[in-house]
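Trainee: I am new to this structure and would like to go through it slowly, one question at a time. Could we look at it together?

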Amino acid sequence: MPPTTRSNATFRAGGRTLGPGPVILGVLNVTPDSFSDGGTYLNPEVAASHAAALLDEGAQVIDVGGESTRPGSDPVSPDEELRRVLPVVRAVYDVHPEAVISVDTYRAATAEATLEAGASIVNDVTALRGDPDMAAVVAEAGCPVVLMHMLGEPKTMQQDPRYGDVVREVRDFLAERAEFAVAAGIQPENIILDPGIGFGKTREHNLALLRRLDAIVELGYPVLVGASRKRFIGEITGLEEARARVAGTVAANVLAYERGARLFRVHDVKANREALEVAAAISG
Ligand code: HH2
């Protein structure tokens with residue numbers, strides 16, 4: 001039996017209980033090339049002060065990533081990823097030991113080093129497929145892990161992605177990855193699922209997944225949505241500039257909350273937190 005339901009999706013991370021209400025992950029990209037904030041937070045001190053701002057605005061988790069996964073991007077070397085991420089995790093942890101830090105990586109070595117330095121959630125966009133050692137690192141740490149769906153890989157994933165039934169295929173994939181994780185020794189309570197908005201998906205695929213998010217929520221694990229500033233929002237609204245897509249992001253997240261999502265990975269914490277608090281209050 002899955003450990004959670006739509007209504008009681010709490011989990012422990014970094015000595016804290018997160019949920020059951022909306023949990024906001026503030027994005028901290030330590031990359032030169034992320035699609036909406038690349039190059040801004042490469043310096044650990046600047047990154048730590050941005051983390052402080054995200055926490056002030058109401059983020060419960062800071063999601064630190066060292067490799068852009070935007071469409072068309074190339075992977076960075078494992079050393080380079082660690083060189084970017086580790087000092088930032090240390091700096092954020094030093095200044096805000098109370099903050100829950102998640103690390104956006106599919107590499108076991110990066111996860112292991114950053115978990116030791118104060119991170120307490122692994123956000124793996126490959127759902128434990130990117131590195132054969134990742135499942136063991138997460139199981140050993142006993143920490144939550146985000147298992148995300150992606151079709152293909154970032155370099156080519158947006159070149160004509162196709163599905164028979166996108167909702168069913170993403171749901172079946174996530175169910176299989178959750179089983180894999182449990183078989184590898186990861187506690188069911190530590191599993192979070194994510195449909196991977198924008199990862200090998202057209203606008204219609206993204207909309208179908210958000211519309212039918214209940215199909216993924218029904219798997220019984222907390223569901224994370226990462227729609228923030230993404231291209232499909234720009235396509236709908238005509239807003240070219242990623243930073244301008246705040247209202248569209250809020251709309252996507254509120255409707256995802258209504259369908260059972262409980263974790264939201266966002267760049268614009270304040271607007272999303274306020275909207276999700278109101279959505280939660282209305283939902284009761
Ligand atoms: N999206 C991005 C990165 N990491 N992790 C999860 N779990 N879900 C997501 O939807 C997700 C993610 C891409 O967004 P961003 O970090 O803003 O851009 P980039 O990949 O260019 O750094």
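## Reading the model step by step

Trainee: In the loop between strand 7 and helix 5 (166–183) there is D160; is D160 buried, partly exposed or exposed?
Mentor: Keep in mind throughout that this is a predicted model. D160 has a relative accessible area of 48%, and since a residue counts as exposed only over 50% and as buried only under 20%, D160 is partly exposed.

Trainee: What is the sign of phi at D160, and about what value does phi take?
Mentor: D160 lies in the loop between strand 7 and helix 5, and it is not a glycine. Its phi is nonetheless positive, at about 60°.

Trainee: Which loop holds L128, and is L128 buried or exposed?
Mentor: L128 is another residue other than glycine with a positive phi, here near 70°, and it is found in the loop between strand 6 and helix 4. Its relative accessibility is 5%, and because buried means under 20%, L128 counts as buried.

Trainee: Which peptide bond is cis, with omega near 5°?
Mentor: The place to look is the loop between strand 2 (16–18) and strand 3, where P20 is found. The cis bond is the one that runs from G19 to P20.

Trainee: In what order do the eight strands of the open sheet stand?
Mentor: The pairing in this sheet is parallel. Strand 8 (191–194) and strand 9 (224–225) stand at the edges with a single partner strand each, so one side of each is left without a neighbour in the sheet. Read across, the order is 8-7-6-5-4-3-10-9.

Trainee: Which residue is the bridge partner of N123 in strand 7?
Mentor: Strand 6 (residues 121–124) and strand 7 (residues 145–148) pair in the parallel sense, over three bridges. Following N123 across to strand 7 leads to its bridge partner, V146.

Trainee: About what angle does the direction of helix 2 make with that of strand 5?
Mentor: Helix 2 (residues 78–95) packs on the sheet, where it touches strand 3 (23–29), strand 4 (61–65) and strand 5 (100–104). Its direction and that of strand 5 make an angle of about 175°.

Trainee: How many of the residues of strand 4 are buried?
Mentor: Strand 4 pairs with strand 3 in the parallel sense over five bridges, and one bridge partner pair is L28 with V64 in strand 4. From strand 4, V61, D63 and G65 point one way while I62 and V64 point the other way, and all are buried. The strand is therefore mostly covered, as buried means under 20% relative accessible area, and the number of buried residues is five of five.

Trainee: Which residue of strand 10 is the bridge partner of V225?
Mentor: Strand 10 pairs with strand 3 in the parallel sense over four bridges, where the bridge partner of L25 is R265. Strand 9 and strand 10 also pair in the parallel sense, over two bridges. In this second pairing, V225 has as its bridge partner F264.

Trainee: Is the aromatic pair of Y257 and F264 stacked, tilted or edge-to-face?
Mentor: A search of the whole structure finds one aromatic pair. The ring centres of Y257 and F264 lie 6.5 Å apart and the planes stand at 40°; because planes under 30 degrees apart count as stacked and those over 60 as edge-to-face, the pair is tilted.

Trainee: Which residue lies over the face of Y257?
Mentor: Y257 is buried, at 6% relative accessibility, and F264 is buried as well, at 0%. Over the face of Y257, at 3.9 Å from the ring centre, lies R262.

Trainee: Over which ring does the charged end of R177 sit?
Mentor: The distance from the charged end of R177 to the centre of this ring is 4.2 Å. The ring is that of F180.

Trainee: How wide an arc do the buried residues of helix 3 cover around the axis?
Mentor: The buried residues of helix 3 (residues 108–116) are A108, T110, A111, T114 and L115. What covers them includes helix 2, strand 5, strand 6 and helix 4 (134–141), whereas A109 and E116, on the other side of helix 3, are exposed. The buried residues of helix 3 lie on the same side of it because the arc that they cover is only 160°.

Technical notes: Residues are numbered from 1 along each chain as its sequence is written. This is a predicted model: local features need pLDDT of at least 70, side-chain atom pairs count only at pLDDT 80 or more; totals for chains, interfaces and linings use all residues. Side-chain values use heavy atoms; hydrogens and water are left out. Two strands pair if DSSP finds at least two bridges between them. Contact means heavy atoms within 4.5 Å. Axes are lines fitted to C-alpha atoms, for helices over the stretch in contact, and angles run from 0 to 180 degrees between N-to-C directions. Rings of Phe, Tyr and Trp (its six-membered ring) pair if their centres lie within 6.5 Å; planes under 30 degrees apart count as stacked, over 60 as edge-to-face and the rest as tilted. Buried means under 20% relative accessible area, exposed over 50%, partly exposed in between (1.4 Å probe, protein chains only). A charge sits over a ring if NZ of Lys or CZ of Arg is within 6 Å of the ring centre and within 35 degrees of the ring normal. The arc is that of the directions from the helix axis to the C-beta atoms.
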